[in-house]
Every structure is written in C-alpha cells, then in structure tokens.
Amino acid sequence: MWGVFKSTMVETTGLTRDALHIHLGIVTAVLAIWVLGVSRGLLYAWLLVMAAALANEAWDYASSVRNGVAHDWADSVSDVFNTVLWPTVFVIVAKVRRWR
C-alpha cells in the first residue's frame, strides 16, 4: 500500500522521486518546527525527518525482500541524503546563529 501511495505521488505531482524526498523532508521539518516551536523543535524536527526517511527505506528494503529482488542500497543512501539535507542545514544555521 505504501508503495502504491508513493507511485501515485510521483504520477500526480510530476516530480521525480528525488525531488519528492527533498520536498517531503522540508515539509516534515517545517511542520514539526511549527508544532514544537523553534527553540526546542529544531533537533526534534531533524530526528523526526531522519526517522521518517529510515522508516521509508526500511519499507523499501522489506518490499525488495518480499518481491525477491535485490535491494538498491545506493538508491537508499541517496534517498536518505535527499530527505535530510535541508533539515540538516536548518539545524546547522540555527546553531551557528546562536554562537554569535
């Protein structure tokens, strides 16, 4: 079911899977920061984005095993990188600004 949802997202939006990872990482981080507040929410938002990215890749791995196909580990690493890149930048910028 999750795989069907992801395929539908790609078809509906016209975005590539990589672009979707980037956008969903940013949206997840922004929503978490909005709910938790900036002061304590940045690190928790980053952890939530990382957990979501890893859960998605675990699902992809399980699907590969279930379907008897080799899992593409390079693609998984790329997906996690794309998902957490901008939330990581948000955390770094916030930390640097606090040091000033």
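How many nonpolar, polar and charged residues are in the lining of the largest pocket? Keep that question in mind as you look around this predicted model; the tour will come back to it.

**Stop 1: the whole protein**

Start with a cartoon view. You should find 4 helices and 0 strands, so read along the sequence the pattern is α-α-α-α. The C-alpha atoms fill a box of roughly 50 × 25 × 20 Å along the principal axes. Of the 100 residues, 29% are buried.

**Stop 2: the largest pocket**

Now select W2, K6, H21, L24 and N56. Among the 18 residues that line the largest pocket, these five lie nearest its centre. The pocket has a volume of about 470 Å³. Colour α1 (2–13), α2 (17–36) and α3 (38–67) next: each of these helices gives two or more residues to the lining. The largest share, 7 residues, comes from α1. Here is the reply to the opening question: the lining has 9 nonpolar, 7 polar and 2 charged residues.

**Stop 3: K6 and D60**

Stay with K6 and add D60 to your selection. The two form a salt bridge, with their closest N and O atoms 2.5 Å apart. K6 sits in helix α1 and D60 in helix α3, so this pair links distant parts of the chain, 54 residues apart. Is D60 buried or exposed? D60 is buried, because its relative accessible area is 15% and the cut-off for buried is under 20%.

Why can such pairs form at all? Side chains of opposite charge can pair when their charged atoms come close.

**Stop 4: a small network around R17**

A search of the whole structure finds 3 salt bridges, and R17 is a good residue to select next. The side chain of R17 meets that of D75 in a salt bridge, at 3.3 Å from N to O. R17 is in helix α2 and D75 in helix α4 (residues 73–99), so the pair ties together parts 58 residues apart in sequence.

Add D79, whose side chain also meets R17 in a salt bridge, at 3.2 Å from N to O. Shared partners join R17, D75 and D79 into one network. Try colouring the three by accessibility: R17 is partly exposed at 35%, D75 is partly exposed at 26%, and D79 is buried at 0%.

**Stop 5: a patch on the surface**

Finally, switch to a surface view and select V27, L31, W34 and V35. They form a nonpolar patch with about 470 Å² of accessible area together. Finish on V35, found in helix α2: V35 is exposed, with a relative accessible area of 62%.

Terms used. Residues are numbered from 1 along each chain as its sequence is written. This is a predicted model: local features need pLDDT of at least 70, side-chain atom pairs count only at pLDDT 80 or more; totals for chains, interfaces and linings use all residues. Side-chain values use heavy atoms; hydrogens and water are left out. On a 1 Å grid over the protein atoms alone, a cavity is a set of points where a 1.4 Å probe fits but cannot get out, and a pocket is an open set with protein on both sides within 12 Å along at least five of seven lines; lining residues have an atom within 4 Å of a point. Grid points are joined across faces, edges and corners, and a volume is the space filled by probe spheres set on the points. Ala, Val, Leu, Ile, Met, Phe, Trp, Tyr, Cys and Pro count as nonpolar, Asp, Glu, Lys and Arg as charged, and the others, Gly among them, as polar. Patches are made of residues with over 30% relative accessible area and no salt bridge: like charges are joined within 9 Å, nonpolar side chains (Val, Leu, Ile, Met, Phe, Trp, Tyr) within 5 Å. Accessible areas come from the Shrake-Rupley method with a 1.4 Å probe; for residues, only the protein chains shown count as cover. A salt bridge is a side-chain nitrogen of Lys or Arg within 4 Å of a carboxyl oxygen of Asp or Glu. Buried means under 20% relative accessible area, exposed over 50%, partly exposed in between (1.4 Å probe, protein chains only).
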